[in-house]
Every structure is written in structure tokens, then in C-alpha cells.
Amino acid sequence: MKKMFLGLFLFLLLGGCGSTKTTPAWLIAGNQHLESFKHHFLTGLQPAAAERYFRRAVEEIKKAGDLDLLGKAWLTRMALQVAVLTDMEEGEYLHIEAARAFPANRQYYLFLKGDRAAVDRSLLPARYCAFVGAYRSGSLVETERRIAAMNDDPLSLLIASGIAVRHRMESEAILMAAADAASRQGWKRALLVWLERLGAFYDAAGKGAQAAAVRQRIDLMKK
């Protein structure tokens, strides 16, 4: 049943999910609310509504007292914050971890925090492993390449880009890859964030023409 959360929780481990039993109402409702939260968060539609959807999802999960999924819900929220370069808020996550630790959840938390040395890649989703290796090595070129290789998974690409940029691995290639990924999905809030970051990058590099072109695009999107 927990496979329902694979797209939302980003890193939920597979296995033991072959049950044919009826899916409980709380799991269906939690899934729906988290999908709505993700949509509103990334598009920027009704920010207050996005938070309401998240709170509703949390309340549904609390009905079952499933601390694994509850932790994953908060990690999902943190991952989306990283994807749009906002401050990462732990919320209830650390309290949940203190009550019961789940190794995969802990490793994903360290991954989102950008803790290169502590992350155990074997407990992360496979799609992040190559990126973590490049990021840990400190090679900007290799990190760019691994991010670009995530092109078929736009949200994971944004998360990886956010981690890299927040820890001083920023380049035109990474910023453009993130902006393109957000653009393809119609994630307006995320796109504006990454375009603004790209414009600032061009300004700092003395590339006035490129910066002006990015600002024109931003202005047109905001009209």
C-alpha cells in the first residue's frame, strides 16, 4: 500500500508492498493532500492553500500513527523547500526521529542538509547516488553532468541542483538545467526562483546582456 506514496515521498523504499487488501481511507486522503501540496508549492498558486494541504496530509497520516510515513511527509516538505532555494524547516521531523529512527529517513535528511561526509549513499534512492558521488568529490564539472543526467526526473533534478547551489557549487549549466526542468513542468514559482538566481549569476559574471534577457523573461511571466 505504501507504494502509493512513491511519487510524493521521493525516496520511499520498495518491497513488502504486494498486498491486495483494500487501501485505507487515510492513506488515499494523505496521498491526495500531498499531491495538492506539491502542486501548489511548486507553482506558487495560493501559498496558504499549499500549507493547508500539507497539514491535512499530516493529520491523515497521524490517524495511523505511522512514524515512517510521517517523517517522510516532513522530508518531502523539506525537499521541496530545497528545490526552490528557500530555508529548510525541519518542522516536526527531528521530534519524529527522536521517537523512532528510520535509517533511510535519516540519510535523506542528511542528504538534504548537504552533509557530504555523513551520507550513506546505499540508503538513498538510486537516482541520487551518482550525484552524491560527484558532489562529494567537489568536481563542479562532474556535478553538472550528474545533474543533467537526471533530466527525466525534474523534481529530483531541482532538489539536487538546490543542494549543489546552497553549498557553493553553482554554475550556469546547473542553473539553466533547473530552470528548464521547472519550465517543462509548468512550475511557475520554481521557475521564477531559478531564473532570478540565473540573472544574478550573470550579473556577478559581468554578462549584462544575458542578465537583461533573463530579467525580460521574468517580467513577462509576472505581468
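Here are some numbered notes on this predicted model, meant to be read with the structure open.

1. **Confidence.** Start with how far to trust what you see. The chain has an average pLDDT of 90, and 91% of the residues score at least 70. The stretch to treat with care is residues 1-20, where pLDDT stays under 50. The model still gives that stretch 53 contacts beyond four places in sequence.

2. **Helix 2.** Have a look at residues 25-43, which make up helix 2. With 19 residues at 1.5 Å a residue, helix 2 should span 27 Å, and its end C-alpha atoms are indeed 27 Å apart, so the two values agree. After helix 2 comes Gly44, with a positive phi near 85°.

3. **Helix 3.** You can try the same check on residues 47-64, the 18 residues of helix 3. The expected span is 26 Å and the end C-alpha atoms are 27 Å apart, which agrees. Here too a glycine follows: Gly65 has a positive phi, near 65°. Which residues of helix 3 are buried? They are Ala49, Ala50, Phe54, Ala57, Val58, Glu60 and Ile61. When you look at spacings in that list, keep in mind that an α-helix has 3.6 residues a turn, so residues three or four places apart point the same way.

4. **Helix 9 against helix 11.** Now move along to helix 9 (residues 154-166) and helix 11 (residues 188-204), which pack at an angle of about 35° with their axes 13 Å apart. Their crossing is left-handed. On the helix 9 side, Leu158, Ser161, Gly162 and Val165 take part, and they meet Ala190, Trp194 and Arg197 of helix 11. Sorted by type, the residues of this contact are four nonpolar, two polar and one charged.

5. **The loop after helix 9.** Buried or exposed: what are Ser171 and Arg168? Both sit in the loop between helix 9 and helix 10. Ser171 has a relative accessible area of 6%, so Ser171 is buried. Arg168 is at 82%, so Arg168 is exposed. Beyond its sequence neighbours up to four places away, Ser171 touches Leu140, Glu144 and Phe201. The C-alpha atom of Ser171 is 39 Å from that of Ile61, a residue 110 places away along the chain.

6. **Two positive phi values to check.** Most residues other than glycine have a negative phi. Arg168 has a positive one, near 60°. Leu85 also has a positive phi near 60°, and Leu85 lies in the loop between helix 4 (67-83) and helix 5 (93-99).

Key. Residues numbered from 1 in each chain as written. Predicted model: local features only at pLDDT ≥ 70, side-chain atom pairs only at ≥ 80, totals over all residues. Heavy atoms only, no water. pLDDT = per-residue confidence, 0-100. Contact = heavy atoms within 4.5 Å. Helix = DSSP H or I, 4+ residues; strand = E, 2+ residues; numbered from the N terminus. Expected span 1.5 Å × (residues − 1). Axes fitted to C-alpha atoms, helices over the stretch in contact; angles between N-to-C directions. Left-handed = near helix turned anticlockwise from the far one by under 90°. Nonpolar A, V, L, I, M, F, W, Y, C, P; charged D, E, K, R; others polar. Buried < 20%, exposed > 50% of the residue type's maximum accessible area, 1.4 Å probe, protein only.
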